[in-house]
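This report introduces a protein model to a reader who has not met it before. It treats the domains first, then the contact between two of them, and finally the nonpolar cores.

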Amino acid sequence: MSQSLILDLPDLSRRRLLKGMGLATGLALTISVSGLVRAATGEPKKYGGDAMPGGLKEDVLVFVSIGTDGIVNIVAHRSEMGQGVRTSLPLVVADEMEADWARVNVVQAEGNEARYGNQNTDGSRSMRHHFEPMRRIGATARMMLEAAAAAAWSVPVSEVQARQHQVIHKPSGKTLGYGELATAASKMPIPAKEDLQLKPASEFRYIGKQNTRNIDGRKIVTGTTHYGIDTKLEGMLHAVVARPPVFGGKVKSFDASAALKVPGVVKVIELQGSNLPPLFHPLGGIAVLANNTWAAIKGREALKIDWDHGANAAYDSSAFRKTMEEAARKPAKAMRDTGDAAGVLAKAKQVFSAEYYQPHIAHATMEPPAATARIVAGKCEAWACVQDPQATVNAVAGHLGFKPEHVRVNVTLLGGGFGRKSKPDFVVEAALLSQAMDGKPVKVTWTREDDLHHDYYHTVSLERIEAALDDKGMPTAWLHRTTAPTIASIFVENAQGGAPFELGMGAVNLPFTIPNMRVESPPVPAHTRIGWFRSVSNIPHAFATQSFVAELAHKAGRDHRDYLLDLLGPARKVDPDSISDSWNYGESPERYPLDIGRMRHVVELATQKAGWGRKLPKGHGLGLAFCYSFVTYVAAVVELVVSDDGEISIPRVDIAVDCGPQVNPDRIRSQAEGACIMGASLALTGEISFKNGVAQQNNFHEYQVMRIEEAPRDIHVYLVDHGLDVPLGGVGEPVTPTIAPAICNAIFAATGKRIRTLPIRDQLKA
């Protein structure tokens with residue numbers, strides 16, 4: 001029996017700003033309201049984790065418990081989707097509290113924002129927001145253990161020291177293990193925050209070290225871990241849903257008689273759709289419940305449904321490209337206007353322009369959305385692979401008509417997330433079906449086809465850039481029109497034009513030394529659900545800007561790297577607010593300025609490691625791209641081969657990453673490698689197209705993700721060393737945007753052909 005340090009907290013009332021609505025809506029309104037309050041009261045603006053709903057919690061009694069057997073339990077309150085957060089955050093606590101990592105057990109937290117603080121695992125925020133709080137939690141535990149040992153020996157606490165799972169009395173050499181001290185330590189006063197003594201970085205045992213035990217690694221590679229889709233409850237039913245084929249559509253009528261004759265089918269239930277905006281609501285449709293998933297699928301195939309396809313029935317993504325092109329060729333409201341770009345362009349002797357297109361893409365997580373729910377005595381319990389458990393609690397409670405404190409969400413491991421599983425519509429489906437079945441447990445499984453047809457897609461984008469050039473080929477004016485349906489459209493009906501957080505991802509915050517820069521975001525409507533996708537708007541912005549810079553360099557007859565460095569200019573620190581970036585990834589502009597020196601360094605490091613400028617065989621090319629995203633600096637060089645018949649292979653990629661201090665270098669490298677492969681996959685084949693409002697890709701034979709034999713053969717990741725003198729940056733997302741433009745620039749170097757439309761697919765075979 002473990003003696004726990006954890007004390008029960010009262011069941012605190014949650015904030016109920018928006019019952020049953022998504023967290024992001026709550027976030028948007030919270031920021032707005034908070035802003036007004038701050039304006040009226042002069043309250044300082046909050047940044048980072050402090051600005052997130054739920055904020056940061058540092059209660060050691062919540063996050064740490066120690067058994068009498070000495071096992072240290074550390075709570076992981078973020079969602080694990082392969083990025084290693086269930087290892088990295090507890091690792092910080094263990095290091096500060098001098099726990100032996102081999103004797104640490106990680107406990108997954110359920111969704112409980114009041115208890116654990118913000119748990120929304122997206123935006124590459126986990127480590128940069130929680131590194132310091134986790135250090136303080138670990139230091140608190142260590143100091144309580146030391147105080148307990150000093151009391152036991154009746155000696156001054158200055159004479160004791162915690163070292164590797166025991167406390168030592170330095171003068172006598174006596175020791176007490178953590179298990180022996182757990183009960184007494186739990187009764188010690190909790191040190192005040194200002195009295196905490198953090199370890200110097202030179203004494204870190206695990207932080208920044210290589211080859212630290214990965215908490216979930218063995219179970220993942222041996223197939224023994226538990227994902228959302230693996231949930232099994234006694235007597236549960238299995239459900240699949242026939243959702244409206246077109247976004248915004250509804251059921252006009254249906255005939256379930258044939259479905260009910262399928263062996264194993266138990267019931268057919270209509271799920272009501274919701275009005276726009278879509279938020280995180282289910283799409284509605286007809287659910288088939290059965291004794292197993294296969295019977296449910298066969299029952300769904302037997303349904304006869306007459307759909308009202310609604311206002312998006314004519315959506316054709318090819319035609320929509322023309323709509324975006326027309327919008328991008330007309331002036332629009334300036335979102336950044338430094339100098340007089342329009343005036344300089346109008347008078348320039350030499351103007352170069354180009355347009356870059358990227359289609360919708362789907363998250364296509366290897367584990368599709370899946371959730372199980374049951375309702376007992378007016379309380380709902382769910383098991384689901386979700387990135388944002390608090391949004392899930394709110395959404396489920398709102399749809400069931402429950403109080404949020406009557407909903408419990410158990411977070412399983414996620415078989416990939418990439419932003420899709422921040423939206424809990426699939427958990428709401430399971431909860432509603434359980435409610436319709438008098439509380440019987442129901443698991444909803446999305447098939448691959450369901451996932452590709454009803455995603456919160458990454459937005460389609462048309463980027464147009466114009467530059468006025470001087471006699472040396474350097475831009476004197478830069479006009480960027482970024483045209484894309486906005487993510488805000490899932491929260492506000494008919495929202496159009498880029499939101500500040502979208503434009504702050506590589507559009508308005510480009511720190512180029514160009515005297516006249518203007519960024520516009522022409523309004524275009526959304527015809528599908530639009531959601532955030534790993535790296536979000538950085539993907540189309542980096543594809544356009546990094547391709548365009550390479551084109552300007554070629555036009556000027558200059559080396560691409562040297563030209564890019566000249567555009568970045570000398571090392572300096574730039575206040576993002578000074579160049580119209582009011583977003584800055586939610587971080588303080590003083591703490592996280594745009595550091596041009598760090599930008600230059602990753603470009604120089606990646607190119608140096610790649611052997612930039614070396615002589616290559618026929619058909620080979622090197623391509624460079626840079627991106628600053630999630631307050632991390634990345635440059636990538638892709639070596640690519642184009643065969644005589646237009647086939648592409650990628651023998652080598654060199655990636656330089658400056659994310660500030662590194663907590664878990666192994667995981668940083670693995671995330672960079674995964675992001676590289678994902679970026680290459682999107683560049684080469686990723687596309688969701690629409691005809692008559694319906695997604696045309698059904699499964700992986702049509703929406704291809706990169707196979708092992710197609711992946712870059714050799715990926716080198718170089719991490720820039722830092723002490724704790726700079727804050728942490730994000731890791732999960734920043735590499736992705738660099739890969740597509742680096743590939744396209746490499747193709748140009750190899751063949752002289754410029755790719756401006758993604759995916760590349762067979763464009764080289766024409």
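The domain bounds used here come from an automatic or database domain assignment. The model itself is predicted. For the protein chain, the assignment gives three entries, listed below with their residue ranges.

| Domain | Residues |
|---|---|
| Domain 1 | 60–222 |
| Domain 2 | 228–311 + 369–445 |
| Domain 3 | 317–361 + 457–751 |

The centres of domain 2 and domain 3, taken over C-alpha atoms, are separated by 37 Å. To their contact, domain 2 contributes 16 residues and domain 3 contributes 16 residues. Between them, domain 2 and domain 3 bury about 1300 Å², with 64% of this area on carbon and sulfur atoms.

Polar and charged groups also take part in the interface. One salt bridge is found across the interface of domain 2 and domain 3. Asp425 forms a salt bridge with Arg529, and their closest N and O atoms lie 3.4 Å apart. Four residue pairs are in polar contact between domain 2 and domain 3, both residues having pLDDT 80 or more. On the side of domain 2 that touches domain 3 there are 10 nonpolar, three polar and three charged residues.

The largest nonpolar core holds 96 residues, of which Trp478, Phe512, Phe548, Ile655, Val735, Ile743 and Ile760 touch the most other members. At least three residues of this core come from each of domain 2 and domain 3. Another core, of 49 residues, lies apart from it and includes Val60, Ala94, Val106 and Met134.

Key. Residues are numbered from 1 along each chain as its sequence is written. This is a predicted model: local features need pLDDT of at least 70, side-chain atom pairs count only at pLDDT 80 or more; totals for chains, interfaces and linings use all residues. Side-chain values use heavy atoms; hydrogens and water are left out. Contact means heavy atoms within 4.5 Å. Buried area is the accessible area (1.4 Å probe) that two parts lose on being put together, summed over both. A salt bridge is a side-chain nitrogen of Lys or Arg within 4 Å of a carboxyl oxygen of Asp or Glu. A polar contact is a pair of N or O atoms within 3.5 Å; within protein, one must be able to donate a hydrogen and the other to accept it, and residues adjacent in sequence count only if both atoms are side-chain atoms. Ala, Val, Leu, Ile, Met, Phe, Trp, Tyr, Cys and Pro count as nonpolar, Asp, Glu, Lys and Arg as charged, and the others, Gly among them, as polar. A nonpolar core is a set of buried Ala, Val, Leu, Ile, Met, Phe, Trp, Tyr and Cys residues joined through side-chain atoms within 4.5 Å. Buried means under 20% relative accessible area, exposed over 50%, partly exposed in between (1.4 Å probe, protein chains only).
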